[in-house]
There are 2 protein chains.
Amino acid sequence: MTDAPHPFDAGATLEPLAPNVFRGRTIPEWGNMVGPFGGMTTATLLRAVLVHPERQGDPLALTINFVAPIADSEFDVVVRLVRTNRTNQHWTLELQQGAEVKATASVVLSLRRETWSETEASPPSAPAPEELEYADATGLPVWLDNYDQRFVVGRPEQSGEHPSASSTTTVWFRLTPARSIDYAALAASCDVFIPRVFVRLGRMLPAGTISMTTYFHASAEDLADVGADFVLGTARAATFGGGHFDQSAQLWSRGGALLASSHQIVYFKG
Amino acid sequence: MTDAPHPFDAGATLEPLAPNVFRGRTIPEWGNMVGPFGGMTTATLLRAVLVHPERQGDPLALTINFVAPIADSEFDVVVRLVRTNRTNQHWTLELQQGAEVKATASVVLSLRRETWSETEASPPSAPAPEELEYADATGLPVWLDNYDQRFVVGRPEQSGEHPSASSTTTVWFRLTPARSIDYAALAASCDVFIPRVFVRLGRMLPAGTISMTTYFHASAEDLADVGADFVLGTARAATFGGGHFDQSAQLWSRGGALLASSHQIVYFKG
């Protein structure tokens with residue numbers, strides 16, 4: 001008898017089909033408005049590199065382009081090791097369903113070295129997560145049930161219309177049930193923020209990420225220090241128009257370490 | 001008799017070799033510390049998509065990964081149209097020298113639509129470029145001679161050691177001789193900022209971009225409005241350590257339009 005995997009690991013499961021091909025599948029627990037939660041797709045692609053026998057180093061940069069809607073079904077992840085340098089390694093990836101490419105991605109791994117270090121940015125001010133209310137996600141896409149979210153500002157509205165002059169959301173969150181954070185979970189975490197246009201206009205409307213880039217600042221030791229604790233995320237947009245908006249996000253540990261920064265461009269209708 | 005091309009166009013010249021293969025070459029005018037200025041490489045890759053007969057739309061997102069040093073020589077750009085949707089189009093690209101991949105990239109084009117629009121971010125405060133001193137680039141990499149730069153804050157030091165508590169550079173700049181800005185020139189412009197670690201530590205040290213992502217907010221009409229005028233760039237880092245730092249930049253028109261936002265992860269020694 002074995003324990004059932006954590007829902008995160010169930011969602012990001014990959015089965016090797018060939019040296020550079022892995023089979024994954026969407027599961028209902030990570031469903032979004034259309035297809036799976038993009039953060040889970042991102043984590044699954046990253047995992048294909050992390051489990052690869054030729055892997056050298058830990059994630060430094062990841063870009064994913066959402067090319068076409070992913071059907072709720074099996075998919076293949078095809079990885080290609082482009083080059084291994086002394087301190088970094090470049091990969092490209094594709095997510096395919098049948099003959100169709102649904103996502104493309106690039107991943108840079110790196111061997112971190114001791115250098116001068118300083119974090120110039122500051123985390124947003126926030127009370128401890130224990131002092132904030134658990135955000136019930138009833139009526140929102142089902143994947144949100146996998147996160148325990150405690151909003152500081154910019155909570156999504158679940159009914160009515162509540163426009164805001166600011167697109168900023170700041171929120172403590174962690175997987176539920178509790179699970180230690182690793183690079184795959186960190187990659188998914190960068191996409192937890194609801195579309196900024198929902199926050200500005202105070203209502204839901206059709207929107208979806210087109211391209212997302214994440215920079216991983218945390219070392220494996222930094223992630224071990226976080227364990228299964230809450231992380232503090234903050235996200236905002238700079239501009240909306242022409243059918244798109246941008247989003248920039250930072251994820252901080254409770255101890256004040258900048259774990260990741262992430263950027264995306266999102267389409268919307270309205 | 002024909003006029004010589006502008007140095008920018010001379011640097012980004014591509015000759016079609018096959019339906020999805022273009023030949024380019026580095027030229028000394030765009031030389032950096034090692035190989036060519038990364039902004040010129042980025043612009044050249046973007047141009048391969050922009051001149052492609054199957055192009056649909058204008059640039060929305062571009063990611064380039066600098067996989068290995070580009071030798072001062074000819075190179076081939078191999079493009080692949082991954083998918084054309086109703087309002088966007090996905091491309092992947094490679095820059096090759098012989099059998100070696102030197103850069104990979106992805107480009108998303110989009111047909112912009114009328115939607116709700118608002119720019120939430122604000123340009124940095126700055127005097128008019130005409131009130132600021134032209135920054136002589138003597139002693140700096142030769143590609144900088146192609147830009148007329150007027151620094152507001154965070155000017156690179158050319159001698160001595162002048163650490164700063166802030167990594168921010170804000171600078172007005174334009175190509176010299178004057179040339180109207182287009183998407184290729186805008187893509188290059190996002191990489192004009194010297195490495196943020198030079199600004200913080202107040203001295204030059206080995207550093208190079210590993211991966212850069214740019215989001216194009218300007219429509220073609222917005223760029224026509226800018227013409228050959230100065231643009232206001234501002235760039236800063238959030239964190240330094242482990243051999244890397246990040247950079248986030250925004251480019252603004254004199255009229256207050258956010259033309260592009262751009263992010264990169266950079267390696268450094270020291």
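The copies meet through the same surface, since 100% of the interface residues of chain B are also interface residues in chain A. In this predicted model, local features need pLDDT of at least 70 and side-chain atom pairs count only at pLDDT 80 or more, while totals for chains, interfaces and linings use all residues. Residues are numbered from 1 along each chain as written, chains are lettered from A in the order written, and side-chain values use heavy atoms, leaving out hydrogens and water.

Superposed by least squares on the C-alpha atoms of residues with pLDDT of at least 70 in both, chain B lands on chain A with an RMSD of 0.0 Å after a turn of 180 degrees and a shift of 0.0 Å along the axis. The two copies are thus related as by a two-fold rotation axis.

As for the contact itself (heavy atoms within 4.5 Å), 65 residues of chain B touch 65 residues of chain A. Together the chains bury about 5000 Å², 53% of it on carbon and sulfur atoms; this is the accessible area (1.4 Å probe) lost on being put together, summed over both parts. Trp116(B), Glu120(B) and Tyr215(B) chip in 14% of the area that chain B buries against chain A, more than any other three residues.

Eight salt bridges link chain B and chain A, counting a side-chain nitrogen of Lys or Arg within 4 Å of a carboxyl oxygen of Asp or Glu. One of them joins Glu94(A) to Arg80(B), at 2.5 Å from N to O.

Conventions
Buried area = accessible area lost by both parts, 1.4 Å probe.
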